[in-house]
Amino acid sequence: ANIPKPLAAAMIEAKRPMRRDFYKRLYWFGRVESKATWRLMALTSGQITAIKAMDGSPVRKGNILFILGGPRIKHKLKALRQHVATIEEQVSLAMGIVRMRRDAMAEKMAKREDLLSAQEHLARLKDNLSTAKKELSVLRDALIVRSPGDGIFTNRQVSPGQDVEQGAHLADVISPELRISARLFPYTGVSLDGKRAVVQMAFGSEITGTVVRVLPERTAEGATVIWIEGTKITRYMKPGEGASGWIVLEVQRNCLAVPRDAIVRDEQERTFVFVKTPQGYRKKAVKIGLWDGAWCEIVSGLSGNEEVVTRGAYELFYRDFTKTYKVAD
């Protein structure tokens with residue numbers, strides 16, 4: 001049975017297979033995040049009297065970011081200072097009593113028990129003074145919120161003049177170094193640590209990173225979570241940005257390949273191609289391997305010298321499952 005000339009001319013093309021490298025890939029999706037995020041909390045209740053960093057600005061470890069004050073803080077500071085001053089006066093008096101009783105004991109005018117009692121009282125007062133001074137120091141330190149590390153000041157939750165309670169979320173400092181937290185479904189027994197990861201960027205461009213960690217826990221959907229890092233991820237991506245790509249598991253070099261459209265399948269999912277011969281187009285069973293975009297690896301069934309139908313293969317396949325079609329003149 002000959003192919004009608006319009007079908008042959010318009011719908012059938014044949015080309016020789018090519019040699020290509022094929023990559024065994026494992027696809028993933030994820031989101032860009034900072035390697036470290038520090039949540040800044042109010043260490044005491046008070047009022048935000050100053051914010052020392054601009055939103056989105058870089059900060060260094062130890063930089064002052066917030067200062068707390070306000071009426072409640074002033075009242076508490078005043079009360080603590082008065083408490084410290086009162087105990088200091090009591091300590092001074094108690095030291096005088098200890099000296100007097102020591103002198104009296106030397107002149108046989110006081111008992112040793114009286115001196116020991118005065119010394120014990122002085123020791124208790126000194127302990128109380130130390131505790132009061134620590135409370136005052138802790139409160140003063142709590143009024144200043146510093147950056148716990150080098151990063152970017154972001155996600156500010158409060159404004160100057162706002163009252164906050166102890167433990168309130170003030171802002172975040174995020175590390176400028178980024179990573180991708182990605183999810184995938186690996187094959188059983190496959191190793192991912194240290195593998196090269198390709199990140200698909202906008203407009204078809206790509207950057208690469210490395211799988212630096214495979215987290216032990218799985219998601220509710222059963223996915224494995226990995227961290228992908230690299231200098232280009234930090235340079236070209238932003239926190240919160242969605243990302244997708246693939247892990248390169250294996251590279252097979254110089255493989256015989258045909259376009260995806262050359263492969264046809266029957267109801268049993270067996271794979272075939274049509275080759276052009278002097279007698280016509282003939283169907284041949286082939287074993288396929290890896291897919292890579294528009295190309296498919298041919299493991300067996302082709303020598304590489306045949307001309308393979310790359311356009312119109314399914315039209316040939318469904319016109320007749322058994323016939324060999326003659327090549328149109």
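## Starting at Arg265

At 27% relative accessibility, Arg265 counts as partly exposed; that label covers the range between buried (under 20% relative accessible area) and exposed (over 50%), using a 1.4 Å probe and protein chains only. Arg265 sits in strand E16, residues 264-265. Strands (E, at least two residues) and helices (H or I, at least four) are DSSP runs, numbered from the N terminus. Before going on, note that this is a predicted model, where local features need pLDDT of at least 70, side-chain atom pairs count only at pLDDT 80 or more, and totals for chains, interfaces and linings use all residues. Residues are numbered from 1 along each chain as its sequence is written, and side-chain values use heavy atoms, with hydrogens and water left out.

What is Arg265 in contact with, leaving aside its neighbours within four places in sequence? The list is Arg270, Thr271, Ile288, Trp291, Tyr314 and Phe317, where contact means heavy atoms within 4.5 Å. Glu221, on the other hand, is 44 residues from Arg265 in sequence and 32 Å from it in space, C-alpha to C-alpha.

## Rings, and charges over them

Two of those contacts of Arg265, Tyr314 and Phe317, turn up again in a cluster: ring pairs link them with Phe272. The structure holds four aromatic pairs. To pair, rings of Phe, Tyr and Trp (its six-membered ring) need centres within 6.5 Å; planes under 30 degrees apart count as stacked, over 60 as edge-to-face and the rest as tilted.

Charged ends get in on the act too. Arg179 has its charged end over the ring of Trp227, 3.5 Å from the ring centre, and Lys24 does likewise with Tyr187 at 5.4 Å. The rule here is NZ of Lys or CZ of Arg within 6 Å of the ring centre and within 35 degrees of the ring normal.

## Salt bridges

How many salt bridges does the structure hold? There are 14, each one a side-chain nitrogen of Lys or Arg within 4 Å of a carboxyl oxygen of Asp or Glu. One of them joins the side chains of Arg253 and Asp21 at 3.0 Å, N to O. Arg253 is in strand E15 (residues 242-259) and Asp21 in strand E2 (residues 18-34), so this pair ties together parts 232 residues apart in sequence. Arg253 is exposed at 56% relative accessibility, while Asp21 is partly exposed at 31%.

Glu229 and Lys35 also meet through their side chains, again at 3.0 Å, N to O. Glu229 belongs to strand E14 (residues 224-229) and Lys35 to the loop between E2 and strand E3 (37-41), so parts 194 residues apart in sequence are tied together. Glu229 is buried at 19%, whereas Lys35 is partly exposed at 30%. Both are in a salt-bridge network with Glu177. Over in the helices, Glu88 and Lys133 form a salt bridge at 3.8 Å, N to O. Helix H2 (residues 71-106) holds Glu88 and helix H3 (residues 112-142) holds Lys133, so the pair ties together parts 45 residues apart in sequence.

## Strand E8 and its partners

Strand E8 (residues 151-154) runs antiparallel to strand E5 (residues 58-59), joined by two bridges; two strands pair if DSSP finds at least two bridges between them. Ile152 in E8 is the bridge partner of Pro58.

E8 also runs antiparallel to strand E10 (residues 169-174), with three bridges joining them. In E10, Val173 is the bridge partner of Phe153.
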